[in-house]
Amino acid sequence: TADPAPDMEGVTAALKAAMANGAPGAMARLTGPDGVRTRAVGVRDRVSGAAMDTRARFRVGSVSKTFSSVVLLQLVDEGALELDAPVNRYLPGLLPDDRITVRHLLTHRSGLADYTDKMFAQTVPGFEAVRNRVFGYRELLDLSLAEPRTTEPGAAYKYSNTNFVVVGMLIEKVTGKAVGREYERRIIEPLRLRHTSYVHPDTRIKGTHVRGYLHPDEAGAPLVDSTEQTVSWAQSAGAIISDPADLNTFMTALMTGRLLSPRMLEAMTSVTPTDATNTRFYGLGLRRYDLTCGTRVYGHTGTVQGFYTYAFATRDGRRSLSAMANTSNRGAANTALGGTLEAAFCGKKPA
Ligand SMILES: CC1(C)S[C@@H]2[C@H](NC(=O)CCCC[C@H](NC(=O)C[NH3+])C(=O)[O-])C(=O)N2[C@H]1C(=O)[O-]
């Protein structure tokens, strides 16, 4: 069946709703059989007043988890490690439970607590305490291991950044290379993602970029410019910088089999429900959203101080959408931004 024509007025309305809910600006880029469509509203810089720009770079937060998952699954494809092997086989003694497997990390079923819950319990103080800090992977894992486990290994889905910190440790152990080098060698260079980088622990976003604005917990308190930070609290769980075009190229390349074997892509897109709505699912470092028109889209979301991101593609890779609002700690803005998916992939509602 023909793809429904995207509802670009609906995309614009979702971007404006994100602004109405506290984002200084928002943008979206849809790549499809009829070419590229972009929309931008508001500003990428509140001081200069520079308009939001769909060629500008920003922090993608946990969309980084899909990049990390691709690297690890390529290593599985190459026989360097096994999905159902204990993590401790490759990192002896690292985890307190030999039953936690590589697959448990990628599916958020390890039971390892998420250290960011406590780290960011108070949004702005938590952010200010870490924005210039450089953490070692081991430090982040120790923060998690100081907390009780959330589930028996494999027993339930419980999202945790810690899982993708350990994925980063596995990548570096198995390859002997820094994780940023593996992103470049295996994804960024082959796909020519010219505006995608992993610059940890540098705090700057190079080139034309969006400034991010964090809402404090206190109602009415002024926005905090959170653009510059090391993102060392996340690293392989959330420190990638990219732009809308590169994210669409990445998700389309992933879905069209340019990055993984058919068997591994099948494993990555094999999902389980993450909530009771039965429309949100998680595979291996990859989300699946089932939209109201029956279209299933695969990708990831991101929340990093000052930036909300959605980056999704259809299973055949023919259509991809990335959307960003330059704020965070404002759930209503994130939900509004998510409205771009229905508008872009399901098109106009029947009159
Ligand atoms: C599962 C998520 C939502 S959280 C996870 C990761 N982001 C973080 O862990 C940052 C959490 C604190 C962000 C901060 N919030 C607070 O400090 C609240 N006190 C804000 O809104 O800027 C990411 O990205 N993932 C999102 C994802 O995968 O979509």
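A polar contact here means a pair of N or O atoms within 3.5 Å. Keep that cut-off in mind for the ligand. One caution before we start: this is a predicted model.

Let's go to the ligand. What does the backbone of F120 do there? A backbone N or O atom of F120 sits 2.7 Å from a nitrogen atom of the ligand. That distance is within 3.5 Å, so the pair counts as a polar contact. T123 also reaches a ligand nitrogen, this time with its side chain. A polar side-chain atom of T123 is 2.8 Å from a nitrogen atom of the ligand. Then there is Y159. An N or O atom in the side chain of Y159 lies 2.9 Å from an oxygen atom of the ligand. How much of the ligand does the protein bury? Taken alone, the ligand exposes 650 Å², and the protein buries 78% of that.

Now the shell around the ligand. There are 18 residues around the ligand. Which come nearest? They are S62, F120, T301, T303 and S328. So F120 turns up twice: it is among the nearest residues, and its backbone has an N or O atom 2.7 Å from a ligand nitrogen. By class, the shell has twelve polar residues, five nonpolar and one charged. Which element gives the most to that shell? Strand 10, residues 296–304, with four residues. As for the site itself, the space taken by the ligand is the largest pocket.

Next, the loop between strand 5 and strand 6. Strand 5 covers 224–225 and strand 6 covers 241–242, and Q229 lies in the loop between them. Is Q229 buried or exposed? Its relative accessible area is 0%, so Q229 is buried. What does the Q229 side chain contact? It makes a polar contact with the side chain of W233, at 2.9 Å. V231 lies in this loop too, between strand 5 and strand 6. Look at its backbone. V231 is not a glycine, yet its phi is positive, about 55 degrees. V231 is at 1% relative accessibility, and therefore counts as buried.

Move to the loop between helix 4 and helix 5. Helix 4 is 102–106, helix 5 is 116–119, and H108 is found between them. H108 is another residue to check on the backbone. Its phi is near 55 degrees, a positive value in a residue other than glycine. H108 has a relative accessible area of 0%, so it is buried. T107 has its place in the loop between helix 4 and helix 5 as well. At 13%, is T107 buried or exposed? The cut-off for buried is under 20%, so T107 at 13% is buried. From T107, look across to M264. The two are 157 residues apart in sequence and 14 Å apart in space, C-alpha to C-alpha.

One peptide bond deserves a stop. Which residues does the cis bond join? H200 and P201, with omega about 5 degrees. P201 has its place in the loop between helix 9, residues 179–191, and strand 4, residues 213–214.

Last part: pairs along the chain. Start with S320, in strand 12, residues 320–325. S320 counts as buried because its relative accessibility is 1%. Where is L30 relative to S320? They are 290 residues apart in sequence, but 5.8 Å apart in space between C-alpha atoms.

Then A333. A333 lies in helix 12, residues 331–346. Its relative accessible area is 0%, so A333 is buried. Its partner here is M19, 314 residues away along the chain, with 7.0 Å between the C-alpha atoms.

Finally L265. L265 is found in helix 11, residues 262–268. L265 is at 4% relative accessibility, so it counts as buried. Which partner goes with it? L254, eleven residues apart along the chain, with the C-alpha atoms separated by 7.9 Å.

To recap, keep three items on the screen. The ligand takes the space of the largest pocket. V231 has a positive phi of about 55 degrees, and H108 has a positive phi near 55 degrees. H200 and P201 are joined by a cis peptide bond.

Definitions and conventions. Residues are numbered from 1 along each chain as its sequence is written. This is a predicted model: local features need pLDDT of at least 70, side-chain atom pairs count only at pLDDT 80 or more; totals for chains, interfaces and linings use all residues. Side-chain values use heavy atoms; hydrogens and water are left out. A residue is near a molecule or strand if one of its heavy atoms lies within 4 Å of it. A polar contact is a pair of N or O atoms within 3.5 Å; within protein, one must be able to donate a hydrogen and the other to accept it, and residues adjacent in sequence count only if both atoms are side-chain atoms. Accessible areas come from the Shrake-Rupley method with a 1.4 Å probe; for residues, only the protein chains shown count as cover. On a 1 Å grid over the protein atoms alone, a cavity is a set of points where a 1.4 Å probe fits but cannot get out, and a pocket is an open set with protein on both sides within 12 Å along at least five of seven lines; lining residues have an atom within 4 Å of a point. A molecule sits in a cavity or pocket if more than half of its atoms lie within 2 Å of its grid points. Helices (H or I, at least four residues) and strands (E, at least two) are DSSP runs, numbered from the N terminus. Ala, Val, Leu, Ile, Met, Phe, Trp, Tyr, Cys and Pro count as nonpolar, Asp, Glu, Lys and Arg as charged, and the others, Gly among them, as polar. Buried means under 20% relative accessible area, exposed over 50%, partly exposed in between (1.4 Å probe, protein chains only).
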